[in-house]
Amino acid sequence: MHIEFPADLQKVVAFHGHVCPGIAIGYRLAKAALAALGYQSPDEGDLVTIAESDRCTVDPFQIVLGCTLGKGRLYINNTGKQAFTVGCRKSGRAVRVIQRPYNYTPENDALTRKVLAGEASEAEYQRYRAEREARIREILTMPDAELLTVEQVAAELPGKEMIFNSPCCEFCGEQVMEPWTRLREGKVACIRCAIAVVR
Ligand SMILES: [Zn+2]
Ligand SMILES: [Zn+2]
């Protein structure tokens, strides 16, 4: 069965490169965080996300909330949990959203492993596709209370990106931002050149 995705979720799919349960969960978590902060749109707040996962679930936070890595609005503090703290730099308020425990059945797990190993028959592959699509539909339609938990937290939000001087490494000549420079024989070195000596 075809699932009709909202426009912002379609953008996530285009960015992420595939449709998977992970982006569906991340999408629901990002939307729940936005609502819990009292915003209709991410433009209303100066948002920053601290992600406890670096898997599929993180991408909706980049697209739906505009918390991209390059803009200094995404920090990865990997604890292996599907949990994300979203804070507003303007108000200082923050919420932490986390997926409620969910486990695939052992049969489903075994099938996924078979597909990933390239050992599934055509019929098994079709079953895998159908089950995956059903799970995605379930995630997208499930009530918030069943899918996730939201908590108000007092988070120390990372500050805005700073501007740094960028001297050239005196060994390789490449430019490097000051906080990442080292000294080698009393000269400014990039980390690669400084470590080359240690090896
Ligand atoms: Zn994915
Ligand atoms: Zn260098």
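## Exercises on a predicted model

Helix α4 is followed by G118, which has a positive phi, near 75 degrees; helices here are DSSP runs of H or I with at least four residues, strands are runs of E with at least two, and both are numbered from the N terminus. The model is predicted: local features need pLDDT of at least 70, side-chain atom pairs count only at pLDDT 80 or more, and totals for chains, interfaces and linings use all residues. Residues are numbered from 1 along each chain as its sequence is written, with chains lettered from A and ligands numbered from 1 in the order in which they are written.

**Exercise 1.** State how many residues of α4 are buried.

*Solution.* Start with the criterion: a residue is buried if 20 or more other C-beta atoms, placed from the backbone, lie within 10 Å of its own, exposed if 12 or fewer, and partly exposed in between. Next, α4 spans residues 106-116, which makes eleven residues to check. The count of buried residues is zero, and the helix is hardly covered.

**Exercise 2.** Locate E185 and describe its phi and its surroundings.

*Solution.* First, E185 sits in the loop between β6 (181-184) and β7 (187-190). Second, its phi is positive, about 50 degrees, although E185 is not a glycine. Most residues other than glycine have a negative phi. Third, E185 has 9 other C-beta atoms within 10 Å, so it is exposed.

**Exercise 3.** Classify the packing of α2 against α5 and list the residues that meet.

*Solution.* The axes of α2 (residues 21-36) and α5 (residues 122-141) are 9 Å apart, at an angle of about 0 degrees. Axes are lines fitted to C-alpha atoms over the stretch in contact, and angles run from 0 to 180 degrees between N-to-C directions. Because angles under 35 degrees count as roughly parallel, α2 is roughly parallel to α5. For contacts, C-beta atoms placed from the backbone must lie within 7 Å. P21, A24, I25 and R28 of α2 meet R132, R135, I136, I139 and L140 of α5.

**Exercise 4.** Describe the largest nonpolar core.

*Solution.* Such a core is a set of buried Ala, Val, Leu, Ile, Met, Phe, Trp, Tyr and Cys residues joined through C-beta atoms within 7 Å. The largest has 31 residues, and A30, A33, F61, L65, F84 and V86 have the most contacts inside it. Helix α2 gives the largest share, eight residues. Leaving out residues up to four places away in sequence, L65 touches A30, L34, P42, L47, T49 and V86. Another core, of five residues, lies apart and includes C169, V176, C190 and C193.

How values were computed. Parallel < 35°, antiparallel > 145°, perpendicular 65-115°, else oblique. Contact = placed C-beta atoms within 7 Å.
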